[in-house]
Amino acid sequence: MPKGDVSFQMTGISEGSAVVRIEPSFAHVKEPFESAATSDLESALKAVIAVHELLERHAAPQEIASTSKRAVLDKAKELAEQLIDVELDLDLTASGSHGDVYQSKFTRDGGSAWIEHVYEVIDSSDQPATISGKLVVMDGENRSITVRGGRRGGRVEITNVPSAEFQNLAFDSHVNIRVVETATKNRLGRRTVTGRRFSSIVSDDPDLNVE
């Protein structure tokens with residue numbers, strides 16, 4: 001929400017473990033209040049609760065990333081770190097403008113513990129790719145192969161080849177190998193590939209190739 005549209009103030013503390021009641025106070029209202037419309041505040045609250053619920057049930061990182069804005073995830077991570085620091089869980093109950101009651105939990109063992117894994121996955125620079133070219137080295141002892149090809153025609157080493165897959169490969173043959181590229185990123189987001197791990201052998205299609 002735009003800054004200045006709404007602020008929160010504490011209206012009381014109930015007995016219990018850090019139970020705090022807060023209410024929104026609006027700095028100004030540009031137009032007459034329309035009770036039939038859901039406020040931006042309520043819509044934002046529902047979006048945040050949805051993220052908490054996904055994190056709490058340990059949903060797949062890609063599902064969380066596809067349904068949540070990165071800014072919301074950043075704030076969830078910040079909240080998770082604060083909850084862990086003070087050894088608290090978040091249990092939220094909010095009343096909607098049309099009588100709806102929203103409830104959400106964001107616990108240390110649930111959402112707070114899961115968000116680190118989510119970030120590891122969505123921030124990973126590892127990407128799938130296909131290497132196409134001539135198989136010029138087969139090293140069964142180190143479980144690696146080397147392919148000469150790609151758009152640059154260079155030698156590409158592929159590691160972590162399962163022993164069982166060597167019998168499906170022939171020296172000096174044309175191969176297409178699906179790999180996972182391990183890479184680093186600089187501050188500008190440019191990837192530098194540091195290695196390629198074997199994933200699978202794909203159909204012999206010379207049009208499939210990558211750098």
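How much area does the protein chain expose, and what percentage of it do carbon and sulfur atoms supply? The protein chain exposes about 14000 Å², of which carbon and sulfur atoms supply 49%; accessible areas come from the Shrake-Rupley method with a 1.4 Å probe. The model is predicted, so that local features need pLDDT of at least 70 and side-chain atom pairs count only at pLDDT 80 or more, while totals for chains, interfaces and linings use all residues. Residues are numbered from 1 along each chain as its sequence is written, and side-chain values use heavy atoms, without hydrogens and water.

The protein chain contains four helices and nine strands, where helices are DSSP runs (H or I) of at least four residues and strands are runs (E) of at least two. Along the sequence, their order is β-β-α-α-α-β-β-α-β-β-β-β-β. Of the 211 residues, 27% are buried, that is, under 20% relative accessible area.

Attention may now turn to one pair of helices. Helix α1 (residues 40-56) and helix α3 (residues 70-86) have axes, lines fitted to C-alpha atoms over the stretch in contact, that come within 11 Å and cross at roughly 60 degrees. The two helices are therefore oblique to each other, a term for angles that are not under 35 degrees, over 145 or from 65 to 115.

Which residues make this contact? Helix α1 contributes V48, V51, H52 and L55, and helix α3 contributes V72, L73, A76 and L79; contact means heavy atoms within 4.5 Å. By class, seven of these residues are nonpolar, one is polar and none is charged.

Definitions and conventions
Axes are lines fitted to C-alpha atoms, for helices over the stretch in contact, and angles run from 0 to 180 degrees between N-to-C directions. Ala, Val, Leu, Ile, Met, Phe, Trp, Tyr, Cys and Pro count as nonpolar, Asp, Glu, Lys and Arg as charged, and the others, Gly among them, as polar. Buried means under 20% relative accessible area, exposed over 50%, partly exposed in between (1.4 Å probe, protein chains only).
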